[in-house]
Amino acid sequence: MAKYTPQELADTLKEGLLSFPVTSFDANLQFDEENYRKHLSWQASFPVAGLFAAGGTGEGFSLTPAESERVVRTAVDEVGSHVPVLASAGGSTAQAIENAQAAEAAGADGILLLPPYLTEADQAGLVEHVSAVCRATSLGVIIYNRANAIYKDTTVATLADRHENLIGFKDGVGDLEHDARVYAKLGDRLFYLGGLPTAETFALPLLQLGMSTYSSAMYNFVPQFALDFYQDVRNQDRAAVNKKLNDFVIPYLDIRDRVKGYSVSIVKGGLDAIGRSAGPVRTPLQNLAPQDLADLKALIATVS
């Protein structure tokens, strides 16, 4: 049973930094539970507001439903007693329902609902998709505005009216007018989560649009830097944010942008660089090239 009501979960998540732990794999690309537990324990030793298991940075797209359930259950068992653990639900409506119900059975506290897989849908279809998942679970649900699931402000309002357990809106697009419309219409009914790749880059301007938090991938390997950056954002300390952007985040982006898919690979590369390897990435992603890893390690040394 979840430790939080949907509203309690929203109140907790909106006031702190969030992160998506990588999923540890062994040399044969099988789930490495022991190493994953070590990583989660380290991540939870810092004051993070919530951890999303088997999400995008956790290569959830490469996990089978059984693997995803095992990853979520492991996370709940390892750190769920002292930090909220959320799971992802994706694919078809039926698969998303299966993911959500498995996560609830595993003891997760909430669900991030990913866009439907490989299909286009109009707003009415998205309403029914989200509604089916919200009805299938008592957990708090966060919708992910991205790719083929772009939710109009009126659609979000309809869903919020229908489903008390819809608690959050995560944006992975960065359309400022769209975000402003959603926040203006919904206000404090939801909490708002920045979800663009390397969210630190956008965190300060999005704060002005009501996004009080975001998901930090780099928290996986430089957790204290990520927490300090988040505090600078919440303090609206533009000078401190810009310094950290120039000193670390933008050089990090330059490495990330060398190869498609590096937004996930670079996170595992960061763990390699600090001696806390979580193993390789699964295809179709590729691991950092040796020079890219060397450049990342030198950059991390400047903030460690």
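Contact here means heavy atoms within 4.5 Å. Keep that in mind for the views below, which come from a predicted model.

**View 1. Ile255 and the residues around it.**
Start with Ile255, which sits in helix α10, residues 238-256. Skip its neighbours within four places in sequence, and Ile255 is in contact with Tyr262, Ile266, Asp292, Asp295, Leu296 and Leu299. Buried means under 20% relative accessible area. Ile255 has a relative accessible area of 4%, so it counts as buried. For a sense of scale, pick out Val141 as well: it is 114 residues from Ile255 along the chain, and the C-alpha atoms of the two are separated by 33 Å.

**View 2. The open sheet, strand by strand.**
Eight strands make up this open sheet, and you can walk across it in the order β1-β2-β3-β4-β5-β6-β7-β8. The pairing is parallel. At the edges stand β1 (18-19) and β8. Each of these has a single partner strand, so one side of each is left without a neighbour in the sheet. Now zoom in on β4, residues 110-113, which runs parallel to β5 and is joined to β5 by four bridges. A handy place to look is Gly110, which stands opposite Gly140 in β5.

**View 3. Two annotated residues, Tyr144 and Lys170.**
The UniProt record, an unreviewed entry, puts the annotation "active site" on Tyr144 and Lys170. They span 27 residues in sequence, yet their C-alpha atoms are no more than 4.7 Å apart, so they gather at one spot. Both Tyr144 and Lys170 belong to the lining of the largest pocket. As for where they sit, Tyr144 is in strand β5, while Lys170 lies in strand β6.

**View 4. Up close with Tyr144.**
Is Tyr144 buried or exposed? Tyr144 is buried, with a relative accessible area of 6%. Leaving out its neighbours within four places in sequence, Tyr144 touches a good mix of residues: Leu112, Leu113, Leu114 and Pro115, then Ala149 and Tyr151, then Lys170, Asp171 and Gly172, and finally Gly195.

**View 5. Up close with Lys170.**
Lys170 counts as buried too, at 4% relative accessibility. Again setting aside its neighbours within four places in sequence, Lys170 is in contact with Phe20 and Leu112, with Ile142, Ile143, Tyr144 and Asn145, and with Leu193, Gly195 and Ser215. So Tyr144 turns up in this list, just as Lys170 turns up among the contacts of Tyr144.

**View 6. The largest pocket.**
About 1100 Å³ of space lies in here. Of the 40 residues that line the pocket, the closest to its centre are Gly55, Gly56, Phe61, Leu114 and Arg146. Which elements give two or more residues to the lining? They are α3 (65-79), β3 (85-89), α4 (93-106) and α11 (262-273). By class, the lining residues divide into 20 nonpolar, 18 polar and two charged.

**View 7. The largest cavity.**
A search of the whole structure turns up two cavities of 30 Å³ or more. The largest cavity holds about 40 Å³ of space. Its lining is made of Gly194, Ala199, Phe202, Ala203, Leu206, Met211, Thr213 and Tyr214. Helix α8 (203-207) and strand β8 (213-214) are the elements that give two or more residues to this lining. Six of the lining residues are nonpolar and two are polar, with no charged ones.

**View 8. The second largest cavity.**
This one has about 30 Å³ of space. Lining it are Phe169, Asp179, Val182, Tyr183, Tyr192, Leu209 and Met211. Helix α7 gives the most to the lining, with three residues. Six of the lining residues are nonpolar, none is polar and one is charged. Met211 is worth finding here, since Met211 also lines the largest cavity.

**View 9. Helix α6 and what it packs against.**
Helix α6 covers residues 153-162, and its buried residues are Asp153, Thr155, Val156, Ala157, Leu159 and Ala160. An α-helix has 3.6 residues a turn, so residues three or four places apart point the same way. Which elements do the buried residues of α6 pack against? The partners are α5 (123-136), β5 (140-145), β6 (166-171) and α7 (176-186).

Conventions. Residues numbered from 1 in each chain as written. Predicted model: local features only at pLDDT ≥ 70, side-chain atom pairs only at ≥ 80, totals over all residues. Heavy atoms only, no water. Buried < 20%, exposed > 50% of the residue type's maximum accessible area, 1.4 Å probe, protein only. 1 Å grid on protein atoms, 1.4 Å probe; cavity = no way out; pocket = protein on both sides within 12 Å on 5 of 7 lines; lining within 4 Å. Points joined across faces, edges and corners; volume = space filled by probe spheres on them. Nonpolar A, V, L, I, M, F, W, Y, C, P; charged D, E, K, R; others polar. UniProt positions renumbered as here; feature names shortened; annotations may be inferred. Pairing = 2+ DSSP bridges.
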